[in-house]
Amino acid sequence: MKDSYSSPLPAAIDELWERRAELSPGDAEARRVVVGAVDELDAGKARVAVVGGDGEVIVDERAKRAILLGFRVLGMARSQVGDFQHHDRIPLKSRFEGVRVVPGAIARWGSHLAPGVVLMPSFTNIGAYVGENTLVDTWVTVGSCAQVGKNVHLSGGVGLGGVLEPPNAVPVVIEDDALIGSRSMIVEGARVGRGAVVGAGTILSASMPVIDVETGEELSRGRIPDWCVAVSGTRMKEFPGGTYGLPAVLVLKRLEPGQRHDKAALNDVLREHGVNA
């Protein structure tokens, strides 16, 4: 964590972390501190990660420690929603101010859903943050600690990977105004830039090369730039046993900042490059 960032969560979390092996659900004071910290995440007053002024992701290790400590100090409890029974340490979320939750959607306590969010039948895990007016479409998984910005569309079946350990690991980050196409998988701390349009079925991990098809330049590992259209592709590489295509993400087009693709315009870009929408 950078020196300029100060966690809003109490320093007592760090002390509890140092003696986590001793903790149990019988430790009432430890449980009070941890529950208070996770409540702050649930309310959006604290976050597992933020994008700093320099554009880099800053991880609040104390926030992740609070979540992990919850598995030490919270006892197993039975809960029921209609005919469905659950048995877990982490309860379901109960704070939904300004949020539309369609039957079949599940969000765990400790995740934050900002006003205007729509949850279709989907799963949002503890520590996740979903920004204002974002659509979490059917069968989407927002993994533990994933950070999703405002006005994002997570299309049907999208999977955002979760990350809890180690505490300093960077979560998946989807920035404002992005559109993630159906069945895409964004995992291992990968990042999608603001306004990016990610084609259906794209897989992006933190170690995967992102390549500009116009220049052949490798732009990054695991980060799709702001305001572009990107899809899954391959890059050929020589090995002792032969030449093989390794997975990559291809940037097909650059957008003007603030430019939004309607469906027809996006389809034109993808068809031009022989990609199915």
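## Salt bridges, a buried helix and internal spaces

Asp-14 is partly exposed, with a relative accessible area of 21%. The model in which this residue is described is a predicted one. The side chain of Asp-14 meets that of Arg-62 in a salt bridge, with a separation of 2.7 Å from N to O. Because Asp-14 belongs to helix H1 (residues 12-18) and Arg-62 to helix H3 (residues 61-73), this pair ties together parts that are 48 residues apart in sequence. Arg-62 itself is buried, since its relative accessible area is 19% and the class of buried residues covers values under 20%. Asp-14, with 21%, is therefore placed in the partly exposed class, which lies between the limits of 20% and 50%. The pair also takes part in a wider arrangement, as Asp-14, Arg-62 and Arg-65 are linked in a network of salt bridges.

In total, the count comes to 13 salt bridges. Two further examples may be set beside the pair described above. Arg-32 forms a salt bridge with Glu-29, and the closest N and O atoms of these two residues are 2.5 Å apart. Both residues lie in helix H2 (residues 28-42), and because they are 3 residues apart there, about one helical turn separates them. Arg-32 counts as exposed, at 54% relative accessibility, whereas Glu-29 counts as partly exposed, at 47%. The other example joins Arg-254 to Asp-212, with 3.7 Å between the closest N and O atoms. This salt bridge links distant parts of the chain: Arg-254 is in strand E26 (residues 242-254) and Asp-212 is in strand E22 (residues 209-212), 42 residues apart. Arg-254 is partly exposed, with a relative accessible area of 44%, while Asp-212 is buried, with a value of 10%.

Helix H3, to which Arg-62 belongs, was examined as a whole. H3 has 13 residues, and the distance from its first C-alpha to its last is 18 Å, close to the 18 Å expected at 1.5 Å a residue. Of its 13 residues, 11 are buried, so the helix is largely enclosed by the rest of the structure. The buried residues include the charged pair Arg-62 and Arg-65 of the salt-bridge network, and with them Glu-61, Ala-63, Lys-64, Ala-66, Ile-67, Leu-68, Leu-69, Gly-70 and Val-73. Among the elements that cover these buried residues are H1, H2 and strand E2 (57-59). At the N-terminal end, H3 is capped by Asp-60, a side-chain oxygen of which lies 3.0 Å from the backbone nitrogen of Arg-62. Arg-62 is thus involved both in this cap, through its backbone nitrogen, and in the salt bridge with Asp-14, through its side chain.

Attention then turned to His-112, which is placed in strand E7 (residues 112-113). His-112 is buried, with a relative accessible area of 11%. Its side chain reaches the backbone oxygen of Asp-42 at 3.1 Å. When residues up to four places away in sequence are not counted, His-112 touches Leu-41, Asp-42, Ala-43, Gly-44, Lys-93, Ala-128, Tyr-129 and Val-130. A polar contact of a side chain with a backbone oxygen is also found at Gln-80, in strand E3 (residues 77-81), where the side chain reaches the backbone oxygen of Gly-82 at 2.9 Å. Gln-80, however, counts as exposed, at 52% relative accessibility.

His-112 also borders an internal space. A search of the whole structure finds 2 cavities of 30 Å³ or more, and the second largest contains about 30 Å³ of space. The lining of this second largest cavity consists of Leu-41, Ala-46, Arg-47, Val-48, Gly-110, His-112, Gly-127, Ala-128, Tyr-129 and Gln-147. Leu-41, Ala-128 and Tyr-129 in this lining also appear among the residues that His-112 touches.

The pockets were considered as well. About 290 Å³ of space lies in the largest pocket. Its lining is made up of 14 residues, and those that lie nearest its centre are Val-81, Leu-92, Gly-104, Ala-105 and Ile-106. The elements that give two or more residues to this lining are strand E4 (84-88) and strand E6 (106-107).

How values were computed: Residues are numbered from 1 along each chain as its sequence is written. This is a predicted model: local features need pLDDT of at least 70, side-chain atom pairs count only at pLDDT 80 or more; totals for chains, interfaces and linings use all residues. Side-chain values use heavy atoms; hydrogens and water are left out. Helices (H or I, at least four residues) and strands (E, at least two) are DSSP runs, numbered from the N terminus. Buried means under 20% relative accessible area, exposed over 50%, partly exposed in between (1.4 Å probe, protein chains only). A polar contact is a pair of N or O atoms within 3.5 Å; within protein, one must be able to donate a hydrogen and the other to accept it, and residues adjacent in sequence count only if both atoms are side-chain atoms. Contact means heavy atoms within 4.5 Å. A salt bridge is a side-chain nitrogen of Lys or Arg within 4 Å of a carboxyl oxygen of Asp or Glu. The expected span of a helix is 1.5 Å times one less than its number of residues. On a 1 Å grid over the protein atoms alone, a cavity is a set of points where a 1.4 Å probe fits but cannot get out, and a pocket is an open set with protein on both sides within 12 Å along at least five of seven lines; lining residues have an atom within 4 Å of a point. Grid points are joined across faces, edges and corners, and a volume is the space filled by probe spheres set on the points.
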